[in-house]
Amino acid sequence: MGKKQIKTTTVQLLKYGVIGASNTLITLVVFYVLNTLLGAAYGLANTIGYILGLINSFVWNRNWVFKTKVNIKKEAALFAVGFLICFALQMTVSWYLLEVADFREIEIPFLPMKKPGENIVMVLSMVVYTVCNYIYNRFVTFKKPGE
């Protein structure tokens, strides 16, 4: 890999991180409001949060991070497939941490929050989602011709 490719990939990763941070913020805020404040089930709050983050992510990744002008319908379909794969993985990690590892019962006395275990699981499983989603989108959804 040449210096130009390394620089391009580094800039792309930084931009992806910015978009990822905005997606994370959107997802976490929606999750917190729905699950913690309004009492919605973990799965429902998580799904709605991710869908809103997904829409934000596709628009920004297509136009700013990967700068592609390929068929938008094809990219949207590939992006949705990648989302479903990565989301399924994220939900599997969430299930494992909540049901098998029993993170649901974690209490953090100095934090004034309801359901701290579920909030911790949400953050941990987001890391898994983010890494897998970048790899998928970089090499599948927004792959440049000739790569």
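**Figure 1. The largest pocket and the residues that line it.** In this predicted model, the largest pocket has a lining of 13 residues, among which Thr8, Gln12, Val65, Phe66 and Lys144 lie nearest its centre. The elements that give two or more residues to this lining are helix H1 (3-37) and H2, and H1 gives the most, with 5 residues. The volume of the largest pocket comes to about 190 Å³.

**Figure 2. The nonpolar surface patch.** Val18, Leu44, Ile48, Ile51, Leu52, Ile55, Val59, Trp60 and Trp64 together make a nonpolar patch on the surface, with an area of about 790 Å². The largest share of this patch comes from H2, which supplies 8 residues. One of the patch residues, Ile51, lies in helix H2 and has a relative accessibility of 39%, so that Ile51 counts as partly exposed, a class that runs from 20% to 50%.

**Figure 3. Ser57, a buried residue of helix H2.** Ser57 has its place in helix H2, the helix that also gives the largest share of the nonpolar patch shown in Figure 2. Ser57 counts as buried because its relative accessibility is 5%, and the class of buried residues takes in values under 20%. When residues up to four places away in sequence are left out of the count, Ser57 touches Ile19, Asn23, Arg62 and Phe79.

**Figure 4. Lys67, in the loop between helices H2 and H3.** Lys67 is found in the loop that runs between helix H2 (42-65) and helix H3 (72-100). The backbone angle phi of Lys67 is near 45°, which is a positive value in a residue other than glycine. Lys67 has a relative accessible area of 51%, and because the exposed class begins over 50%, this residue counts as exposed.

**Figure 5. Asp102, in the loop between helices H3 and H4.** Asp102 is found in the loop between H3 and helix H4 (116-141). Although Asp102 is not a glycine, its phi is positive, at about 60°. The relative accessibility of Asp102 is 43%, which lies between the limits of 20% and 50%, and therefore Asp102 counts as partly exposed.

Technical notes:
Residues numbered from 1 in each chain as written. Predicted model: local features only at pLDDT ≥ 70, side-chain atom pairs only at ≥ 80, totals over all residues. Heavy atoms only, no water. Helix = DSSP H or I, 4+ residues; strand = E, 2+ residues; numbered from the N terminus. Buried < 20%, exposed > 50% of the residue type's maximum accessible area, 1.4 Å probe, protein only. Patch = residues over 30% accessible without salt bridge, like charges linked within 9 Å, V, L, I, M, F, W, Y side chains within 5 Å. Areas by Shrake-Rupley, 256 points an atom, 1.4 Å probe, with all protein chains shown as cover. Salt bridge = Lys/Arg side-chain N within 4 Å of Asp/Glu carboxyl O. Contact = heavy atoms within 4.5 Å. 1 Å grid on protein atoms, 1.4 Å probe; cavity = no way out; pocket = protein on both sides within 12 Å on 5 of 7 lines; lining within 4 Å. Points joined across faces, edges and corners; volume = space filled by probe spheres on them.
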